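Work through the exercises below with the model on screen. Try each task before you read its solution.

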Amino acid sequence: MDLTLETRDVDGRTIVAVAGEIDVYTAPKLRDKITELVAAGTYHLVIDMAAVEFLDSTGLGVLVGGLKKVRAHDGSLHLICNQDRLLKIFRITGLAKVFVIHESTEAALA
């Protein structure tokens, strides 16, 4: 399964819609996109994971790395995730306390 990324700007934040699997093979694509956005001066990111089918530890590492990158510029990285199997991964790893996780795009932008 491949990974697709689409970005759009809404109310001063950049939403990165991720679809597919975030694993050891595809995670570098997401990491590169986050790095590119931060290098371009975008420090408020929302990662929309509604269409993510699989997430492994490499993907979690990329998200944590992205959070560190934006925080270095007083930015924010929020997640949109409403799938129980992915939310469970965030809870088990303790990352549910690190990331702000929203159920929908509307909630993330509120």
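Helices (H or I, at least four residues) and strands (E, at least two) are DSSP runs, numbered from the N terminus. This is a predicted model: local features need pLDDT of at least 70, side-chain atom pairs count only at pLDDT 80 or more, and totals for chains, interfaces and linings use all residues. Residues are numbered from 1 along each chain as its sequence is written, and side-chain values use heavy atoms, with hydrogens and water left out.

**Exercise 1: the fold**

Task: State the order of the elements of the protein chain from the N terminus on.

Solution:
- Count the elements: the protein chain has four helices and five strands.
- Read them off from the N terminus: β-β-α-β-α-β-α-β-α.
- Check the radius of gyration (taken over C-alpha atoms; the globule rule is 2.2 Å times the number of residues to the power 0.38). The value for the protein chain is 13 Å, close to the 13 Å that the rule gives for 110 residues, so the chain is as compact as a globular protein of that length.
- Add the extent: the C-alpha trace spans about 30 × 30 × 20 Å along its principal axes.

**Exercise 2: two residues**

Task: Is Thr42 buried or exposed? Is Ser57 buried or exposed?

Solution:
- Set the cut-offs. Buried means under 20% relative accessible area, exposed over 50%, partly exposed in between (1.4 Å probe, protein chains only).
- Place Thr42: it sits in the loop between α1 (27-39) and β3 (44-55).
- Apply the rule: Thr42 has 19% relative accessibility, so it counts as buried.
- List its contacts (heavy atoms within 4.5 Å). Leaving out residues up to four places away in sequence, Thr42 touches Thr14 and Leu37.
- Place Ser57: it belongs to helix α2 (residues 57-71).
- Apply the rule again: the relative accessible area of Ser57 is 58%, so Ser57 is exposed.
- Put the whole chain beside them: 45% of its 110 residues count as buried.

**Exercise 3: aromatic rings**

Task: Which residues form the aromatic pair, and what is its geometry?

Solution:
- Recall the description: a pair of aromatic rings is described by the distance of the centres and the angle of the planes.
- Learn the limits. Rings of Phe, Tyr and Trp (its six-membered ring) pair if their centres lie within 6.5 Å; planes under 30 degrees apart count as stacked, over 60 as edge-to-face and the rest as tilted.
- Search the model: the structure holds one aromatic pair.
- Name it: Phe90 pairs with Phe99, at 6.0 Å centre to centre and 75 degrees between the planes, which is edge-to-face.
- Finish with exposure: Phe90 and Phe99 are both buried.
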